[in-house]
Amino acid sequence: MLTLKQLETFVKVVELGTFERASQHLNATQSTVSKRISELEQASGLTLFDRSRRNARLTEEGEKLLKLAYSTLEGAKRILELNRQPEGSLHRVRLGFTDLSAFTWLPDFLREYTLERPDIRLDITIGMSRTLYQQFQDGELDLIVIPQIPEVFPQSGIETYLLTEVDMAFMAREGLVDGPRPIPVTALERYTLISQGKSSGFAQGCNRWLINQGMAATHQTADNLLALVGLITAGRGVSVLPRLCVQSFAREQKLEILDTAPSLPKTNYCAMYHGGVRVHLLEELAHRLSEAADFSRPFFLGSSSIHMDLT
């Protein structure tokens with residue numbers, strides 16, 4: 001049987017050059033050192049030293065084993081040090097969010113959660129939902145918060161925790177869209193429709209909804225949410241945006257929320273994570289995210305902002 005003691009002895013013989021020096025360093029007899037090396041050779045089936053030489057000269061097989069021995073001993077050292085590490089270094093969770101979360105409630109959540117759970121390190125990735133989903137499927141992220149769109153994000157074998165629903169609405173610069181309200185949604189087809197691109201699961205779901213209403217898909221794209229709002233503010237077209245979030249500053253930017261017939265369906269945002277040994281930690285985190293998820297206001301306006309009803 002191969003043991004760590006044998007590997008440690010092997011490394012010391014190599015580093016110190018002779019069995020005698022290794023035995024002195026390890027506070028063991030030379031016969032004990034020789035026995036450990038013989039047991040290691042027997043367990044591994046390798047000849048480690050060229051015994052025709054006076055000093056401990058490695059064979060080619062010994063050179064290969066030496067690299068593995070170093071990495072194995074280092075790994076064993078880390079395992080033994082786990083109980084001496086600060087609690088905060090034990091849990092690392094990799095999270096992915098779309099920019100709507102980053103634009104609204106995520107900054108406040110991170111500040112509060114860091115104080116609540118100093119034992120957990122959160123590594124944050126902000127990206128488009130389809131990209132985040134692929135990283136999640138590839139094992140690069142432990143938990144993601146994205147729109148729940150089954151036809152875009154198949155959820156077989158994935159734990160899903162509903163956070164909240166977000167009210168979406170068509171928006172444009174004041175005066176761009178004429179006609180009575182609510183406006184038939186098909187009447188918007190004569191305007192430039194702008195959305196996030198193919199990497200956005202929500203945009204793909206929205207395009208499907210538009211097509212089902214007899215409309216064409218969006219004409220222009222802007223992946224960044226702030227850039228998208230900027231284009232609408234500049235009067236470049238019509239877009240689907242989170243109603244309450246944009247409503248918080250819509251009047252100052254001369255934006256109009258367009259009530260349509262039919263109105264847009266609400267969008268569910270959920271936390272997705274895989275089961276496994278850390279499922280309870282991820283469940284707890286998903287619950288805490290659901291308590292914090294508030295897509296109704298930009299984080300920089302503060303909790304005292306008043307939502308203005310626009311018509």
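Let me start inside the protein. Strand S11 gives the largest share of the lining of the largest cavity, four residues. Keep in mind that this is a predicted model.

So what is this cavity like? Its volume is about 230 Å³. The structure holds two cavities of 30 Å³ or more, and I will stay with the largest.

How many residues line the largest cavity? There are 22. Look for Asp 99, Gln 196, Ser 200, Phe 202 and Tyr 269, which lie nearest the centre of the largest cavity. Now the elements. S11 covers residues 238-242. Helix H5 (99-103), strand S9 (193-195), helix H8 and helix H9 (225-233) also supply at least two lining residues each. By class, the lining of the largest cavity divides into 14 nonpolar, seven polar and one charged.

Next, the largest pocket. Its volume is about 260 Å³. The lining of the largest pocket has 17 residues. Nearest its centre you will find Gly 205, Cys 206, Pro 265, Lys 266 and Thr 267.

Which element supplies the largest share of the lining of this pocket? That is H8, with six residues. Helix H8 spans 201-212. Strand S14, at 267-273, supplies at least two residues of the pocket lining. And remember H8 from before: this helix also supplies at least two residues to the lining of the largest cavity. As for classes, the pocket lining has nine nonpolar, five polar and three charged residues.

How do we look for such spaces? Rolling a probe the size of a water molecule over the atoms shows where empty space is left.

Last stop: two helices. Turn to H1, residues 4-16, and H3, residues 30-44. At what angle do the axes of H1 and H3 cross? Roughly 115 degrees, and the axes come within 9 Å. That angle is why H1 counts as roughly perpendicular to H3. Left-handed or right-handed? The crossing of H1 past H3 is left-handed.

Now zoom in on the side of H1. Lys 5, Gln 6, Leu 7, Thr 9, Phe 10 and Val 13 are the H1 residues that meet H3. From H3 come Val 33, Arg 36, Ile 37, Glu 39 and Leu 40. By class, this contact of H1 with H3 has six nonpolar, two polar and three charged residues.

To recap. The largest cavity takes four lining residues from S11. The largest pocket takes six from H8. And H1 passes H3 in a left-handed crossing. Thank you.

Technical notes. Residues numbered from 1 in each chain as written. Predicted model: local features only at pLDDT ≥ 70, side-chain atom pairs only at ≥ 80, totals over all residues. Heavy atoms only, no water. 1 Å grid on protein atoms, 1.4 Å probe; cavity = no way out; pocket = protein on both sides within 12 Å on 5 of 7 lines; lining within 4 Å. Points joined across faces, edges and corners; volume = space filled by probe spheres on them. Nonpolar A, V, L, I, M, F, W, Y, C, P; charged D, E, K, R; others polar. Axes fitted to C-alpha atoms, helices over the stretch in contact; angles between N-to-C directions. Parallel < 35°, antiparallel > 145°, perpendicular 65-115°, else oblique. Left-handed = near helix turned anticlockwise from the far one by under 90°. Contact = heavy atoms within 4.5 Å.
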